Amino acid sequence: MNTSTDELTPLLQRGYEAGFVTDIETDQSPPGLSEEVITRLSETKKEPRYLLDWRLQAYRAWIGMQEPHWSIATYPPIDYQAISYYAAPRSVDPKRPKSLDEVDPRLLETYRKLGVPLHEQAALAGVAMDAVFDSVSVATTFRETLKKAGVIFCPFSEAAIEYPELVHQYLGSVVPFRDNFFAALNSAVFSDGSFVYVPPGVRCPMELSTYFRINAAKTGQFERTLIIADRGSYVSYLEGCTAPMRDENQLHAAVVELVALEGAEIRYATVQNWYPGDEEGRGGIYNFVTKRGDCRGARSKISWTQVETGSAITWKYPSCILRGDESIGEFYSVALARHRQQADTGTKMIHMGRRTRSVVISKGISAGHGRNAYRGMVRMAPTALHAHNYTRCDSLLIGPHSQAYTIPVLEVRHPSARIEHEATTSKIADDQIFYCRQRGLDEETAVHLLVNGFCREVFQKLPLEFAVEAQKLIAVSLEGAVG
Amino acid sequence: MNNEQPLLDVRNLWIKAQDQFILNGLDLQIRPGEVHAIMGPNGSGKSTLVQSLAGHPGYTIEKGEISFDGEDLLTLTPEERARRGLFLAFQYPVEISGLGNGYFLKAAVNAVREARGQIPYDAVEFLKAFRELAPLVGLGQDFLERGVNAGFSGGEKKRNEILQMLLLEPRLALLDETDSGLDVDALKLVARGVNATRSKDRSIVLVTHYQRLLDYIDPDVVHVLIKGRIVRSGTRELAHEIERGGYEPLLATMA
């Protein structure tokens with residue numbers, strides 16, 4: 001009997017349940033990126049002129065930029081001319097509005113298999129869903145219910161046409177296209193994503209959710225999400241992501257911008273389960289994402305919660321700019337890296353307003369040959385009187401080959417600001433597992449209990465159904481972690 | 001003494017840890033309902049014995065046989081032993097912060113119940129069982145919300161072990177120095193918990209340095225373990241003898 005966690009067999013065995021491919025005719029642009037490709041993309045989507053101009057500016061900026069390589073991740077060079085920047089099921093009419101009855105049954109079946117049925121009677125109670133398949137949104141549920149409350153929830157490409165003033169005013173106002181290499185690329189070629197506007201004083205009556213699915217091969221997904229919470233409003237949003245199992249790597253470079261005006265609150269949760277690659281590190285998604293929230297008004301609040309179990313490489317730092325006085329930023333994260341996964345993730349809390357507060361709770365789990373880095377920055381600007389940050393980074397190592405890094409940067413420019421930082425690194429200890437087994441729990445259950453205990457503070461921040469999902473996902477991901 | 005078949009039957013047990021023999025041909029028979037105390041100086045092999053019985057992976061069984069209720073214990077995993085009713089109260093219970101006590105206890109109780117063919121407790125039934133038993137060892141409901149042993153005092157950890165024993169209803173409970181580090185009040189609480197669990201179907205092994213615990217829990221048999229072997233067995237009087245004269249006279253007889 002071998003129960004030593006020092007001799008863990010790599011944690012594999014278990015398949016990736018979302019790894020199937022939907023057999024559907026796809027319109028896919030030929031590989032390569034140029035002003036012509038971007039112009040054609042914009043035309044296909046019948047976009048207003050301002051958007052095409054913005055894309056082209058972003059493209060020109062991108063050409064002059066260097067791909068960043070400061071993260072812990074190592075990977076072969078990406079050939080940006082080998083990627084197809086647009087793929088859409090032929091059955092999706094780009095001019096829709098569509099009802100669910102008009103949606104290709106193969107697409108509905110895909111989402112049903114993924115556990116997110118789109119038919120409203122079958123859907124999760126109280127959750128409105130936008131389903132994005134490759135480069136296009138295929139359906140958005142509960143639109144009428146939301147409309148009655150005054151909430152706009154629609155595909156981004158539709159918003160660009162229907163609500164050009166809002167899009168023009170806010171697009172790029174949190175993440176400018178010059179922000180970084182991947183944000184510039186996204187700004188040039190982004191296809192679809194979700195748009196949310198919550199009017200003043202409205203509490204959004206449902207959870208909003210987007211499910212991103214990559215299906216086509218040799219494509220990337222470049223979605224863009226923009227959420228605006230007007231004065232005194234509230235919205236809770238959740239995104240989920242999966243992709244088929246393939247031997248080649250696929251690029252996912254998204255941008256998410258959140259704007260919270262005076263007294264507004266946005267809660268943004270992610271359960272990221274992109275295909276992570278196999279045990280040897282073949283295949284998997286490169287998840288290079290820029291997410292940022294702007295607490296633009298006084299007493300506004302933005303809360304990021306993420307559960308990152310997928311992707312071959314994660315490069316992602318959901319951040320908050322605490323501009324309004326007394327605004328609040330939160331970041332709760334569980335990141336799991338197993339097999340050969342590499343996760344470089346964390347947050348930036350930029351305190352500008354007076355008495356702004358932020359909380360950062362990061363839980364990194366590394367198993368197999370997984371590498372996990374928390375990279376975070378807390379900046380207290382000279383204007384940030386009496387600002388406060390609390391940061392805690394905990395790393396859990398499973399097995400002898402896993403790695404964890406903690407890379408915090410603290411910048412304090414005002415003497416009244418307070419920063420607290422705690423960091424721990426622990427291993428799942430043999431004596432903890434033996435203790436659980438002596439109480440009748442098998443080894444795998446013991447590991448789940450220990451890992452769930454480790455993640456508890458973050459799971460508590462997720463909407464209930466998704467917390468249960470997240471727990472299951474972690475359990476499945478760690479199946480065979482000990483043996 | 002009764003004449004039933006032993007619940008636990010240890011024959012000629014030789015155990016190594018880190019290339020050193022800790023147990024050297026130990027024999028021990030415990031019948032249902034009996035309470036045995038095992039005493040002995042530091043390093044005599046008391047903890048090794050009970051930890052090996054529970055299946056701790058740090059020990060190598062070189063030789064010998066252990067049967068538990070007629071079954072070969074050595075072929076069973078630690079969780080299978082636990083599910084068949086073997087319980088170890090740890091000398092040093094581990095801390096698991098983040099994992100709630102209530103959640104952990106319920107998972108453990110239900111793992112054992114399922115193995116016995118009993119219907120698992122739902123939250124209400126579990127809470128009912130907890131409320132019945134926790135006051136015996138002086139623990140309140142707030143305890144369910146805390147992490148497993150996280151930030152507990154020494155006494156609380158030991159009382160938690162006894163509470164788990166009460167909830168899991170084992171057939172054989174091994175208490176590894178549950179009395180050490182306890183003040184007299186905590187000791188009484190622990191003893192009360194143990195006495196509450198005594199029955200004709202349940203056997204108990206008390207590993208202890210001191211006679212003191214035996215003032216509160218009356219054993220049927222007292223063994224003295226020295227250098228990996230039981231050198232003497234007797235009644236409670238043997239414990240008093242050791243209290244008076246120490247282990248030296250017994251060591252002398254070994255030579």
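Helices, meaning DSSP runs of H or I with at least four residues, and strands, meaning runs of E with at least two, are numbered from the N terminus. The views below show a predicted model.

**View 1. The second largest pocket is lined by elements of chain A and chain B.** This pocket has a volume of about 490 Å³, and of the 23 residues that line it, those closest to its centre are A:Arg456, A:Gln460, A:Gln471, B:Gly100 and B:Tyr103. At least two lining residues each come from helix H9 (443–459) and H10 of chain A, and likewise from strand S7 (96–100), helix H3 (101–115) and helix H4 (123–133) of chain B. H9(A) supplies the largest share of this lining, with 5 residues. Sorted by class, the lining of the second largest pocket consists of 12 nonpolar, 8 polar and 3 charged residues.

**View 2. The largest pocket encloses about 730 Å³ of space.** A total of 34 residues line this pocket, and A:Leu114, A:Tyr211, A:Asn273, A:Glu469 and A:Leu473 are the ones closest to its centre. Strand S7 (207–213), strand S9 (234–242) and helix H10 (464–477), which belong to chain A, are the elements that give two or more residues to the lining. Among the contributors to the lining of the largest pocket, H10(A) gives the most, with 8 residues. The lining can also be divided by class, into 16 nonpolar, 10 polar and 8 charged residues.

**View 3. Chain A and chain B meet at an interface that buries about 2200 Å².** The size of an interface is often expressed as the accessible area that is lost when the parts come together. Here carbon and sulfur atoms give 64% of the buried area. On the side of chain A, the residues that lose the most area to chain B are A:Phe434, A:Tyr435 and A:Arg439, and together they make up 35% of what that side buries. In terms of contacts, 18 residues of chain A touch 35 residues of chain B.

**View 4. Salt bridges and polar contacts link chain A to chain B.** Across this interface there are 2 salt bridges, and one salt bridge pairs B:Glu161 with A:Arg439, whose closest N and O atoms lie 2.6 Å apart. A:Arg439 also belongs to the group of chain A residues that lose the most area to chain B. The interface further holds 12 residue pairs in polar contact, both residues being at pLDDT 80 or more. On the chain A side, helix H8 (430–438) and H9 each supply at least two of the residues that touch chain B, and H8(A) provides the largest share, 7 residues. By class, the residues of this side divide into 7 nonpolar, 5 polar and 6 charged.

**View 5. A salt bridge joins helix H1 and helix H2 of chain A.** Over all chains, the whole structure contains 43 salt bridges. In the pair shown, A:Arg60 and A:Glu35 form a salt bridge with their closest N and O atoms 2.9 Å apart. A:Arg60 sits in helix H2 (residues 49–63) and A:Glu35 in helix H1 (residues 35–44), so that the link connects distant parts of the chain, 25 residues apart.

**View 6. A:Lys46 and B:Asn149 have a positive phi.** Most residues other than glycine have a negative phi. A:Lys46, although it is not a glycine, has a positive phi of about 55°, and A:Lys46 is placed in the loop between H1 and H2 of chain A. In chain B, B:Asn149 is likewise not a glycine and has a positive phi of about 60°, and B:Asn149 is found in the loop between strand S8 (147–148) and helix H5 (154–168).

Terms used:
Residues are numbered from 1 along each chain as its sequence is written. Chains are lettered from A and ligands numbered from 1 in the order in which they are written. This is a predicted model: local features need pLDDT of at least 70, side-chain atom pairs count only at pLDDT 80 or more; totals for chains, interfaces and linings use all residues. Side-chain values use heavy atoms; hydrogens and water are left out. On a 1 Å grid over the protein atoms alone, a cavity is a set of points where a 1.4 Å probe fits but cannot get out, and a pocket is an open set with protein on both sides within 12 Å along at least five of seven lines; lining residues have an atom within 4 Å of a point. Grid points are joined across faces, edges and corners, and a volume is the space filled by probe spheres set on the points. Ala, Val, Leu, Ile, Met, Phe, Trp, Tyr, Cys and Pro count as nonpolar, Asp, Glu, Lys and Arg as charged, and the others, Gly among them, as polar. Contact means heavy atoms within 4.5 Å. Buried area is the accessible area (1.4 Å probe) that two parts lose on being put together, summed over both. A salt bridge is a side-chain nitrogen of Lys or Arg within 4 Å of a carboxyl oxygen of Asp or Glu. A polar contact is a pair of N or O atoms within 3.5 Å; within protein, one must be able to donate a hydrogen and the other to accept it, and residues adjacent in sequence count only if both atoms are side-chain atoms.
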